[in-house]
Amino acid sequence: MAVLEAVIMPNRPTLDRIGAYYILENVEGRPLKIEFMNQTVFLPDHELSALSDQGIFPIGVGCGETYRDRKIDGRSFGSETSVMLYEIRSLGIIEQEDSVLDEFAHMMDQDNKNGYLRKQPYSGPWILQQAYRMQQESAAEAVYRGAHLIAVHLDALRLGGVNFTMRERIKNSPAMQLLPKGPARDHQGPMTVSRYIRDMYICGLDENEIYEKTAWFVQIHDRAKHLQATADTIAETTRFATFPLIGYPKVGTWANADDPYLLTALARRKDLVVMRSCKGNIIMMSKMFDLSRVANVLVNQEPGCWHYEPVPRNILANGTESVQVKPTTCSQKMLQSVIGSFVSFMIFRLRKIINQ
């Protein structure tokens, strides 16, 4: 393998993948360039070998190459961070035991299972995903910000806690005043902005730098919340086109838009939503109808253009925010006809009736 120069990651990498990148870069002891590719791209062995010859290390990309698909020495993994840690240890580069790194890898495993880190107030992982979505910064910039969030978290754990004097200084710091009073300041769970502020003070960063780094996360969080609220208003007040589903008139909702926040807002309110972007890509979501038969039809008709995720979101997509594919050639009329003919009721319908 050539000298390691760069990593290649999925578009809009999660905090877990950023964690794997941070561990690798920390071991290398120097900055590594970041490249991106679609999660769905298959990388055969000769292409993986070619990347290695160029000094490029893949993290969680290529079909069969994510942590979900891999087994090393008969062992399965819960995160890309855990895979990276295991591989580096197998080379004897770092200690076999490190409670701080082990706990961090376990945290990534758990977050991949239940997303608990993203459910916290002013969650760093959630904010990073909004940064990609709003494209206010380059994807690489968001990764660097995420890596710093991880770095100071791990360093602060090694340095220990805070005394009363430092706690009061942090509480009254200009950076902490950027957060609203209440849970956003008080919770301080791992990978939250409030914890990030505390970790940066423990690590001895300059107060101006702490303020700048905090402001980046806070501004993106608040902007995303504003966009969510706007999308909720549009979903409530706008009349969208409708189409029939298996004998039920005007149950399907059709929207021509490029707003992922609007898609989420409509999906919470409508039985089935289909959104077409300005490029022609389609995403459909339903909390009431099973899309599996629709998926079978469209996947067979346009191989490589569609992806179906039955659980937990029940989403059929002709490309997503993070996976760019060729737009479908199906017209609106044809798609509505296929959906109307092949959807079927889900268990969600039964639950709704029971809860009434």
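Helix 12, helix 13 and Arg12

Analyst: In this predicted model, Arg293, Val294, Val297, Leu298 and Gln301 of helix 12 meet Met334, Leu335, Val338, Ile339 and Phe342 of helix 13. By class, this contact has eight nonpolar residues, one polar and one charged.

User: Why are helix 12 and helix 13 called oblique to each other?

Analyst: Their axes cross at roughly 140° and come within 8 Å. Angles over 145 degrees count as roughly antiparallel and 65 to 115 as roughly perpendicular. The crossing of roughly 140° fits neither class, so helix 12 and helix 13 are oblique.

User: What puts the buried residues of helix 12 on the same side?

Analyst: The buried residues of helix 12 (292–301) are Val294, Ala295 and Leu298. They cover an arc of only 100° around the axis, which places them on the same side of the helix. These buried residues pack against strand 7 (282–286), strand 9 (307–309), strand 10 (315–317) and helix 13 (332–342).

User: Why does Arg12 count as buried?

Analyst: The relative accessibility of Arg12 is 17%, and buried means under 20%; Arg12 therefore counts as buried. Arg12 lies in the loop between strand 1 (6–10) and helix 1 (15–28). Leaving out residues up to four places away in sequence, Arg12 touches Gln129, Tyr132, Arg133, Gln135, Glu321 and Ser322.

User: What is the confidence of the model along the chain?

Analyst: The average pLDDT is 92, and 95% of the residues score at least 70. Over residues 347–356 the pLDDT is below 50, and this stretch has five contacts in the model beyond near neighbours in sequence.

Definitions and conventions
Residues are numbered from 1 along each chain as its sequence is written. This is a predicted model: local features need pLDDT of at least 70, side-chain atom pairs count only at pLDDT 80 or more; totals for chains, interfaces and linings use all residues. Side-chain values use heavy atoms; hydrogens and water are left out. pLDDT is the predictor's confidence in each residue, from 0 to 100. Contact means heavy atoms within 4.5 Å. Buried means under 20% relative accessible area, exposed over 50%, partly exposed in between (1.4 Å probe, protein chains only). Helices (H or I, at least four residues) and strands (E, at least two) are DSSP runs, numbered from the N terminus. The arc is that of the directions from the helix axis to the C-beta atoms. Axes are lines fitted to C-alpha atoms, for helices over the stretch in contact, and angles run from 0 to 180 degrees between N-to-C directions. Angles under 35 degrees count as roughly parallel, over 145 as roughly antiparallel, 65 to 115 as roughly perpendicular and the rest as oblique. Ala, Val, Leu, Ile, Met, Phe, Trp, Tyr, Cys and Pro count as nonpolar, Asp, Glu, Lys and Arg as charged, and the others, Gly among them, as polar.
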